[in-house]
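User: Hey, could you walk me through this one? I'm new to reading structures, so please keep it simple.

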Amino acid sequence: MSRSRWSAAAASLVAILLLATGCTSTKWNAEKPMWVIATTNFTETNLISQMYLQVLLAGGFDAEIKQLSTREVIVPALEAGEVQITPEYLGSLTEYLNKSINGPSAPQIATGDEAATFAAAQGLAAQRNLTLLTPSPAQDQNAFAVTRELAAANRLVTMSDLATYSQNNPVILGGPPECPQRPFCEPGLETVYGMKIAEFLPLDAGGPLTVQALNQGKITTGLVFSSSGSISGNDLVVLEDDKNLQTAENLTPALFTPAVQPDVTKLLDDVSAALTTDELRQLNEQVEIYRKNPRLVAQDFLQSKGLLPPS
């Protein structure tokens, strides 16, 4: 249900359209390397791709961004060397590879344990000619938010706090319509945290309907994305997932293995290390709420971290 996932049917249609219109990349040429960074049409991945692009260009490498559609299109292109780099989300990529290699009914192996999930992902990626670099501390997870007023009045910091609150207070949960069937949504809150859900209100997946319902007091807590610019922009508080209900979704550079070079790895690792979830949220806010240019937002951030020279 994370925003980095689309349905397989939709992705297949997009892939067919891309092939039909000739929107493919030239395969990797080690003698005349061009690092093609694949990204989805999504604020956060556009921002991270801009960071990758700018540090590579500043490092003397030829690089460009290619906007594709979904993981189902990008990962096969990466495996084939038609693109060489893409920003990925650890848990979602792990499960994509798990299901594509071991079959759609394969048990889930991504968990809230970042190290264990990364180890599993590395083994799967190696089977597909992919290399995963060090995950960033920054994550874009499914998360649950409350208003700052509610959090302050009831000392809500963690999801366990909200579960305790729910024992004596009605909790109305808001989220996408599939939430009551998804283990990381309503069922997970009930079984992992022992939360009492008085009512579920179908809204959207971390979007404006959920944010509006929180602000209007129509719901107690709502499913959001941990790095969304709407969180700080609407003075919401994301509660800590202290029992690791959600899978680790650290931003992780994924590369076509034959294109991996130490200098490129260093540049991308430096970008990952510089990011935190809070900073990522602020960067998304600048683009999503204040409509700033993603290229300039990325440039300002990199310069502030000493990863690019001043303009």
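User: Is W35 buried or exposed?

Analyst: Quick heads-up first: this is a predicted model, where local features need pLDDT of at least 70, side-chain atom pairs count only at pLDDT 80 or more, and totals for chains, interfaces and linings use all residues. Residues are numbered from 1 along each chain as its sequence is written, and side-chain values use heavy atoms, with hydrogens and water left out. Now, buried means under 20% relative accessible area, exposed means over 50%, and partly exposed is in between (1.4 Å probe, protein chains only). W35 has a relative accessible area of 2%, so this residue is buried.

User: How are the rings of W35 and F61 arranged?

Analyst: Rings of Phe, Tyr and Trp (its six-membered ring) pair if their centres lie within 6.5 Å; planes under 30 degrees apart are stacked, over 60 edge-to-face, and the rest tilted. The ring centres of W35 and F61 are 5.2 Å apart and the planes sit at 75 degrees, so this pair is edge-to-face.

User: How many residues apart are W35 and F61?

Analyst: Helices (H or I, at least four residues) and strands (E, at least two) are DSSP runs, numbered from the N terminus. W35 is in strand β1 (residues 35-39), while F61 is in the loop between α2 (43-58) and β2 (63-67). That pair links distant parts of the chain, and the separation is 26 residues.

User: Which residues do ring pairs link into a cluster?

Analyst: The structure holds 2 aromatic pairs. W28 and W35 form an edge-to-face one, 5.0 Å centre to centre with 70 degrees between the planes. W28 counts as buried because its relative accessibility is 17%. Put the ring pairs together and the cluster is W28, W35 and F61.

User: Which residue's backbone nitrogen lies 3.0 Å from a polar atom of the side chain of S136?

Analyst: S136 lies in the loop between β4 (130-132) and β5 (142-147). At 1% relative accessibility, S136 is buried. The backbone nitrogen found 3.0 Å from a polar atom of its side chain belongs to A138.

User: Is the disulfide of C179 and C185 left-handed or right-handed?

Analyst: A disulfide is a pair of cysteine sulfur atoms within 2.5 Å, and C179 and C185 fit with an S to S distance of 1.9 Å. C179 is buried at 0% relative accessibility, and C185 is buried with a relative accessible area of 0%. The torsion about their S-S bond is about -90 degrees, so the disulfide is left-handed.

User: How many residues apart in sequence are the parts that E88 and R71 tie together?

Analyst: A salt bridge is a side-chain nitrogen of Lys or Arg within 4 Å of a carboxyl oxygen of Asp or Glu. E88 forms one with R71, with the closest N and O atoms 2.8 Å apart. E88 lies in strand β3 (residues 85-89) and R71 in helix α3 (residues 71-79), so the parts tied together are separated in sequence by 17 residues.

User: And what is the relative accessible area of E79, which meets R128 in a salt bridge?

Analyst: The side chains of E79 and R128 meet at 3.2 Å, N to O. E79 lies in helix α3 and R128 in the loop between α5 (114-126) and β4, so the pair ties together parts 49 residues apart in sequence. R128 is partly exposed at 23% relative accessibility. E79 is partly exposed too, with a relative accessible area of 21%.

Technical notes:
A polar contact is a pair of N or O atoms within 3.5 Å; within protein, one must be able to donate a hydrogen and the other to accept it, and residues adjacent in sequence count only if both atoms are side-chain atoms.
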